Every structure is written in C-alpha cells, then in structure tokens.
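Here is a friendly walk through one protein model, written for someone who likes to check geometry against the coordinates. Keep the viewer open as you read.

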Amino acid sequence: MFKHLKYIDGTSDKFWEIQTAGATHTVTYGRNGTAGQSKSKTFDSEEACLKDADKLIAEKTKKGYSEDGAVDADSKDKGSAVRQPTAASQRKEEAVAALKLLIKEARTEDIIPFLEEYSSGNLEILKKEIRVAKRYWVDYSDLSKDPEFKNKTQYNWGTRGTKEQQRTVKLLALATFSGSDAGNWDIFYELLNQARSKEVIQILAYAKPNWLGGYLLQLVRKNEWQQINYDNLRFLERMGHVDFEPELYASSISGFNNYESKKFFELLTTDELTIQRDIPLVFEYETGVHSRYWDYNYQNVVNELLWDRVFDTLLENGKIDPVLIITGALEAQTKNWNNNLKSYFRKLIERMKLSENTVIEYQQQFFPLLHAEHSAVVNFVVEYLKPFLAHRDFQLQEFLDWAEPIFMRSDIKTSLKTLLIQFDKLLKQKPEWRERFVSLAADLFMISDLQLQERASKFILKNQTEPSEELSGKLQLYKAQMMGSVAVDLKHLLQEDGYSEAEILAELNGQSSEQYIYQPTEVRYLNEAYDYPQTWNELFFKVGEVIGGSDPIQVEILMNAWVQQTAVFPSDYQIQLEPYIKQLTGAYRESSWYNHFSGTFINMYYKPTVVYKDKDRYHNYSKWVSLMGSQLELLQRYRIDGIRLPLLSLPTHRPFWIAPTILVKRILAYQEAGVRINLLDLSIALSRTVREDLEGIEVLIKQIKEQQVQDVISYALGLNPMKVQQQSWVRNLLSSKDSDQFNWIGVWATVARTHHRDTYFEEFNKEPLADIPFAGQPFRPVLKIEPTYYNGYNYTTRKSEQVYNGDKLTYHFPPYKLGTDTFLYHKDIFNRGNDVLLSYYFI
C-alpha cells in the first residue's frame with residue numbers, strides 16, 4: 001500500500017505519506033518540496049500492519065489532508081469522510097502497485113514494457129518509489145526485528161532482496177533517473193561494468209542517459225577502486241552513452257586488475273584511438289600505472305609491470321613518440337602525485353636509455369626539476385645529467401643557475417658530493433668556471449654535516465689560493481655554521497681583521513683605549529602599507545588566503561572589507577562561496593583565532609542577520625585571542641546595521657601598525673556618520689598606532705568633538721601629557737566594571753603602558769586596575785628553581801614515600817582579577833592553578 005496526502009492551507013504547506021512493505025510501514029512527513037522525516041514501525045503480521053496504516057490514513061483525512069492538498073472546511077472543523085480517489089490518483093496507485101510487484105518478482109525483462117505503460121505522468125512518483133525500494137531491498141539494514149527476512153542472514157544485518165530483486169531495482173533506477181537524481185548513488189557502477197549484458201544494453205537504449213560520464217568521474221574521484229573497466233567505457237562511448245572525459249579515461253585505462261592485464265594488453269598496444277588519445281593521459285592525471293603487473297605471482301621476488309611491457313612494445317613498434325614519454329615523465333615530477341608513481345616515471349626514462357644527443361636536446365626540461373621538493377627527484381636529475389656536464393653543447397651556465405639553491409639543502413648530500421667531484425673534473429677542461437664552482441662550494445657550509453664541509457673546504461683550498469672579496473664575504477657569513485677545523489683551514493681566505501694579543505689582554509683588563517659611544521638608530525615602522533580588497537575578485541581571493549593561511553591580521557582585513565564592500569557582491573556570491581564554506585565546515589584546526597573566524601564566516605553565510613558569538617570555552621581560554629571574537633561581533637553588528645566603516649583597529653601597515661593620520665580620519669568618519677566609538681576597539685587601535693608622520697595631525701585632532709577622545713589621541717602621539725579623568729571612591733564602588741568611565745581608564749592605561757614600558761603610574765594603582773599586572777607598574781615575575789617529587793613505592797620498606805623527580809622552573813602569577821576589558825596587557829597574566837588545559841595553552 002502507498003498513500004501520499006497533502007495539506008495546503010494558509011501558511012501550511014506539508015505532506016504525509018505511508019508505505020507498507022510486508023509487516024512494516026514507513027511514514028514520511030514534512031514540508032512540500034523537502035525529503036521530510038521518516039519513521040518505520042514493524043508489526044507481528046502483514047494484516048496488523050495494513051490495519052494500522054488504514055487507521056492512520058483515516059486520521060489524516062479527518063484532519064483535512066487530501067491527495068491534491070485542498071483542505072475542506074468541514075474536514076477541518078468537524079472531520080469528513082474519506083474522499084473518493086480521482087482517476088489520476090487511482091492510476092498512480094496502480095503504477096506503484098505494479099512497480100512493487102515487478103520488483104518482488106524480479107521480472108527484469110518487463111521493465112521497459114512497464115515504463116512504457118506507466119511512466120507518462122507518473123515518473124516522479126515512480127522515482128520516489130524506486131528510492132524507497134532501494135532502501136528496502138538493496139541497502140544493508142538491521143533485520144533482527146523483521147520476521148520475514150531475519151533468517152536470511154547469519155547475522156542481524158543484511159539485505160532483504162535477492163540478487164535478482166536488487167538488480168531489478170538498479171535497472172529501474174538507471175532507466176528513470178537523471179544525473180541530479182543519481183547523486184552519490186554508487187549502484188550504477190556495477191551495472192555499467194556489465195555494459196555488454198543484454199538487459200543493460202536495452203535499458204540504456206530506452207533511457208538514453210546523458211549523465212553517465214560525469215557520474216562515473218564523480219565516483220572515481222571519491223573512491224579510486226570504483227573505476228569502470230576501460231573496455232566497457234569504450235563500449236559505452238561507441239554506443240553514444242558516454243562523452244570523452246580525460247580524467248575518467250586516464251583512471252580507467254590504468255585500472256586493470258592484475259589478472260586482466262594480459263587480456264587487455266593487445267587493446268593497449270594495437271588500438272589506434274587508445275594509443276593516440278588515451279595512453280598520453282597517464283602523464284596528465286595521477287593514476288596507478290606503477291602498480292599494475294603483467295603476470296603477478298606472489299611467489300616471485302620481482303613481478304614485471306604491465307606498463308613497462310606496454311611502453312616497450314609501443315616504442316619498439318614506433319607507435320608512440322618518445323618525446324611524449326620524455327616530456328610527460330619529466331613534467332610528472334613537478335606534480336603533487338604519489339611518490340611511487342613519480343619514481344616509476346623516472347625509471348621509465350632510465351629504461352629508455354636515451355642517446356647522448358637526445359639528452360642534450362631535452363636537457364632544459366631536466367633543469368627545473370632541480371627545484372623539486374622531493375629529494376629523490378633532485379638526486380635523479382644530478383645522477384642522470386652527470387655524464388653530460390662536459391658535453392660541448394651542455395648548457396652549463398643555465399644548469400648552475402637552476403642548481404644554485406640546492407647547495408644549501410641538507411636532504412641531498414649525495415648529489416652535492418657528486419657535483420663537487422664533477423666540478424673538480426670539469427675544471428681540468430674548463431678552468432674559466434673556477435670562481436663559480438668555488439662560490440657554489442662555499443654555500444655547503446650552511447649544511448650541518450662535518451664530512452661534507454670538509455670535502456667543500458678541500459675543494460676550495462685546492463682551487464682558490466688567493467682570497468677574493470666575494471668569497472671572503474660568503475665565508476664570513478657562514479663562519480658561525482662551520483664545523484670542526486674548517487674555519488681554521490680557511491683562515492687566510494676569510495680576510496678577517498684580527499686582534500693582537502696585547503689588544504685582547506687590554507680589553508680583558510679594562511684598559512682599552514677605545515670608548516663605546518651610544519648611537520641609537522631610528523627605526524621606522526610605517527614602511528609597507530596593506531592593500532585592502534576593493535573588488536569581489538579580491539575579496540574572494542582573500543577568503544582563500546585566510547582559510548589556507550596562519551595570519552590573524554588577514555582575518556581582520558578580510559572581515560572589515562566584507563562589511564565595507566557589500567555593494568560589490570555579485571548576486572550569486574553564496575554559490576561561489578560554497579567550496580570555501582565546505583572547507584571551513586569540514587576542516588579542524590587547533591587555532592582559536594581561526595575557529596572564531598570560521599564560526600563567524602559560516603554564520604554570516606547562512607544567517608547574515610544574526611550576530612554569532614563564539615562561546616566555546618576552548619576557543620576563549622586565551623583572553624587575548626578572545627579579543628578576536630569581540631571584534632568580529634562588532635563587525636557583524638556594523639554589517640547588520642548598514643554601517644560601512646572599518647574598525648578603528650584595522651592595521652594600515654605591516655605587520656599590525658596604524659598610521660596616526662588614518663586613525664584620526666576614521667574617528668572623524670565615525671563622528672560624521674553618528675556611529676558611537678567602541679572603547680575596546682579604540683584601545684586596540686591606540687596600542688597599534690605609532691608616532692610617525694605627524695605633520696598636520698593636530699589640525700585633524702581638533703576637529704574631534706569628544707574631548708576625551710582628543711586628549712587620549714594627543715597623549716598617544718606624544719603631543720600632550722596624560723589627562724586621565726579619575727572619579728571618587730564612592731562612584732568607583734557604585735560603578736560597573738563595564739561602565740564607560742572604567743573603560744576609559746583602561747584605554748588610558750593601555751596607551752600609557754604602550755609607550756612607557758617601565759614607568760610607575762599612580763593613576764592606575766586604584767580601582768578598577770588596582771593589583772592588575774602591568775597597569776600601575778611593570779610586572780616582573782620572580783623565577784625560582786624548585787625540587788619536584790612523586791609518590792613511589794619502596795619494595796624494601798614496603799611503604800609509599802616521596803621520590804625526588806628533578807627540579808622545575810617556577811614563577812608566581814597573581815590570581816585572576818577581572819579589571820576592565822579595555823586594558824589589554826594583563827589579559828592572560830593570572831594563576832591557572834591545576835588547570836591542565838589552561839597550562840597547556842598558556843604556561
């Protein structure tokens with residue numbers, strides 16, 4: 001039995017349906033247009049199940065549910081009799097009943113006649129019924145409470161359907177589903193690997209699906225083992241059911257089972273389309289060609305690889321261009337592929353035994369591999385090109401330009417020793433390269449390996465007898481890394497101005513004639529300005545940069561721009577952001593600031609009118625990092641309220657500095673827009689503002705209407721003395737620590753400590769900052785070394801006793817005190833007691 005009812009009235013738009021299968025019925029309900037929620041119930045017999053289903057249908061009909069959704073007033077108020085079914089609904093019920101019988105009897109030969117008779121006008125209800133049938137007949141489920149099927153399996157879990165019934169369901173789905181219907185269903189994979197079977201051919205000819213290529217590609221990307229057999233894929237292509245998808249064909253052609261290799265060898269080596277179009281794809285996509293064997297036998301120490309034989313045969317018969325293999329195998333070394341696959345391609349080049357002329361012709365394709373991250377690739381290039389370094393047509397200059405960075409790599413020591421030996425041999429033929437070779441050898445002192453450094457030292461001493469300015473500069477730079485006696489051996493090449501014994505003794509005795517003169521160098525902070533995103537493309541790129549990066553300042557830049565630049569968002573911006581949202585929801589990072597950002601950004605995507613507050617205790621253990629959450633909350637409010645202004649604390653220059661003129665202009669913009677300044681935001685901004693480029697700043701400051709803002713900025717920029725406004729102890733007692741007056745004191749204290757690290761401030765030794773570290777005076781914890789003990793059992797005395805466990809460095813932190821939120825420098829300076837998690841993060 002199947003019954004689908006709707007209730008559409010006023011704001012209600014919902015459905016309710018019931019489906020019976022043996023002694024079980026499943027009720028599905030929800031809003032129209034959704035999949036709804038399902039509940040199943042199992043009875044002792046099929047009759048009891050049908051009786052309960054009829055009862056539920058009657059109850060829903062009484063409440064006004066109907067097949068077309070129209071709600072009768074009498075049905076709502078009094079309850080009405082069950083409506084007489086229409087001809088269309090009877091036809092649907094007839095189609096569903098016929099479908100169930102078709103599946104139960106597993107009549108695969110009747111699928112097409114059935115669809116020709118019933119699919120017109122009923123296709124959607126049939127597809128829905130097929131989905132239900134898959135869950136019932138095909139999917140694994142708990143059969144322990146299913147009396148009809150529980151004896152089918154040795155264990156409680158299994159499938160209800162026979163192989164024939166399951167095949168019927170799959171063929172029905174293949175005949176009726178579209179690409180969007182198929183989704184992540186992997187049941188078609190089995191059928192398409194039987195593409196030559198009579199039933200599959202007939203179904204495909206009837207349905208003419210145009211989505212199989214994309215579906216198969218999606219499957220193989222998800223699970224490599226779900227590759228379709230290459231022969232079947234080509235058959236489907238010839239029948240017009242699959243279009244050429246390069247990645248799909250690359251995966252398929254390399255996915256032969258080891259026991260099928262001989263069977264398909266002839267196809268791979270004789271079919272022209274396979275050779276010209278599909279085999280080259282194994283160099284463009286990551287495949288498993290390195291793990292397919294020709295005649296696998298577990299007793300063999302070494303088994304021949306299928307693709308070794310394929311490439312050997314094609315090259316021997318002149319059916320494949322050697323250039324394709326050379327360029328493809330070399331380009332594969334630059335890709336982020338399986339290292340075993342890249343190793344296979346390197347061995348393939350070695351197996352080809354390229355002639356000297358061929359290597360020289362393609363030498364420039366080897367050079368970029370010297371910058372490969374994987375050391376095996378660099379070692380391969382050095383070893384392979386070693387015999388050709390002295391060739392008259394070898395591009396030695398270009399080779400050395402590419403090779404220069406590897407002389408500081410500690411993971412390719414064998415290659416570096418090889419190059420030193422080759423340089424020594426080359427100098428006999430090409431002495432003009434002496435300075436370049438010596439300079440490269442000097443870079444080896446960056447590697448902490450005594451044997452390699454001694455070899456480099458001998459090479460330099462052999463080939464460089466006189467000091468040179470360039471070499472001496474390099475050696476002096478690397479002197480601190482020199483090991484053993486290398487520095488002593490190279491002393492005459494270092495050209496150091498040493499001290500005489502008398503000068504050294506005079507210095508030690510305090511009798512030196514030289515006087516130290518303090519000449520501080522002025523440091524400039526506003527050197528490199530940030531570029532803020534202005535267009536959607538720049539914003540979109542910044543999202544990816546933040547997700548893949550580790551700089552919280554970039555979060556501030558992105559989120560401020562997100563608030564300011566909403567006008568440049570395209571209409572489909574949410575669709576474009578979907579990959580990033582999936583990345584944010586699916587990834588975990590042990591970073592509190594990142595979690596603050598991800599939670600906020602995801603919330604702005606799904607609920608742009610709701611302010612997200614990250615209350616996770618783990619994300620807020622650090623009071624410093626929780627400031628990020630406060631700033632993101634403020635930005636969300638700005639976005640909801642239509643305020644298109646940046647936070648005052650947004651950095652203007654790397655790494656986090658703010659130019660004074662820009663800060664004052666931001667405050668004036670707030671003033672003009674009537675936006676109240678957030679004092680925590682102001683405190684952070686002033687802690688980042690440097691005393692540079694102050695020309696004309698006083699004129700701008702005077703335009704600020706709020707006097708206390710004027711005063712604190714003038715003090716922060718060193719223009720005026722502190723003018724902090726204190727209040728009486730009575731008011732302090734009555735005031736909340738979140739009051740503006742207390743928050744202003746926190747702002748003043750932050751500015752004072754920012755510019756005067758070691759000064760004592762009487763003003764801040766009172767509430768709300770009394771006893772707060774760094775407020776009135778610098779905080780200097782006393783370090784102590786204390787012994788530690790643990791309880792151990794003495795087997796001699798048979799008693800527990802204290803056992804010395806070593807010493808530990810300890811320091812005293814004051815107990816936690818709230819203070820005021822706008823004072824920044826005490827946030828994480830408090831005693832955490834025995835809180836292991838807090839200690840892990842902050843001590």
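## Strands at the N-terminal end of the numbering

Thr34 sits in the loop that links strand 3 and strand 4. With a relative accessible area of 44%, Thr34 is partly exposed, because that value falls between the 20% limit for buried and the 50% limit for exposed. Its C-alpha atom is 9.3 Å from that of Lys14, although the two residues are 20 apart along the chain.

A word on the source of these coordinates: this is a predicted model. The mean pLDDT of the protein is 86, and 90% of the residues reach 70 or more. Over residues 728-737, however, the pLDDT is below 50, and that stretch has 13 contacts in the model beyond near neighbours in sequence. Residues 835-843 also have a pLDDT below 50, with 16 contacts beyond near neighbours in sequence.

Back to the strands on either side of Thr34. Strand 3 (residues 24-31) and strand 4 run antiparallel and are joined by six bridges. Within this pairing, Tyr29 of the model stands opposite Gln37 in strand 4. Is strand 4 enclosed or in the open? Of its six residues (37-42), the number buried is zero, so strand 4 lies largely in the open.

Strand 3 has another partner in strand 2 (residues 12-21), and these two pair in the antiparallel sense over eight bridges. Ala21 has Thr24 in strand 3 as its bridge partner. The two strands form a hairpin with two residues between them, and Gly22 in the turn has a positive phi of about 65°.

Further along the chain, another hairpin is made by strand 7 and strand 8, with four residues between the strands. Strand 7 (residues 783-794) and strand 8 (residues 799-811) run antiparallel, joined by 12 bridges. Tyr790 has Val803 in strand 8 as its bridge partner.

## Backbone angles worth a look

Most residues other than glycine have a negative phi, and most peptide bonds are trans. The table gathers some backbone angles to look up in the model.

| Residue or bond | Angle | Place |
|---|---|---|
| Lys208 | phi near 50° | loop between helix 9 (198-207) and helix 10 (212-222) |
| Phe774 | phi near 75° | loop between helix 39 and strand 7 |
| Arg798 | phi near 60° | hairpin of strand 7 and strand 8 |
| Arg654 and Pro655 | omega about -5° | Pro655: loop between helix 33 and helix 34 |

Lys208 and its surroundings are easy to inspect from outside: at 62% relative accessibility, Lys208 counts as exposed, because the limit is over 50%. The peptide bond that joins Arg654 and Pro655 is cis.

## A buried proline in the loop after helix 33

The loop between helix 33 (623-640) and helix 34 (660-673) also holds Pro651. Is Pro651 buried or exposed? At 0% relative accessibility, Pro651 counts as buried, because the limit is under 20%. Leaving out residues up to four places away in sequence, Pro651 touches Tyr530, Tyr532, Ile553, Glu556, Phe656, Trp657, Ile658, Arg666 and Arg688. Pro651 and Leu663 are 12 residues apart in sequence, and their C-alpha atoms are 9.5 Å apart in space.

## Helix 39

Does the length of a helix agree or disagree with its residue count? Helix 39 (residues 740-755) has 16 residues, which at 1.5 Å a residue should span 22 Å; the end C-alpha atoms are 23 Å apart, which agrees. As for its surroundings, 13 of those 16 residues are buried, so helix 39 is largely enclosed by the rest of the structure.

## Enclosed space

Rolling a probe the size of a water molecule over the atoms shows where empty space is left. A search of the whole structure finds two cavities of 30 Å³ or more. The largest cavity has a volume of about 50 Å³. Its lining is made by Trp562, Tyr573, Leu577, Phe601, Met604, Tyr605 and Arg639. Helix 31 (573-586) and helix 32 (592-606) are the elements that give two or more residues to this lining. Which element gives the most? Helix 32 does, with three residues.

Conventions: Residues numbered from 1 in each chain as written. Predicted model: local features only at pLDDT ≥ 70, side-chain atom pairs only at ≥ 80, totals over all residues. Heavy atoms only, no water. Expected span 1.5 Å × (residues − 1). Buried < 20%, exposed > 50% of the residue type's maximum accessible area, 1.4 Å probe, protein only. pLDDT = per-residue confidence, 0-100. Contact = heavy atoms within 4.5 Å. Pairing = 2+ DSSP bridges. 1 Å grid on protein atoms, 1.4 Å probe; cavity = no way out; pocket = protein on both sides within 12 Å on 5 of 7 lines; lining within 4 Å. Points joined across faces, edges and corners; volume = space filled by probe spheres on them.
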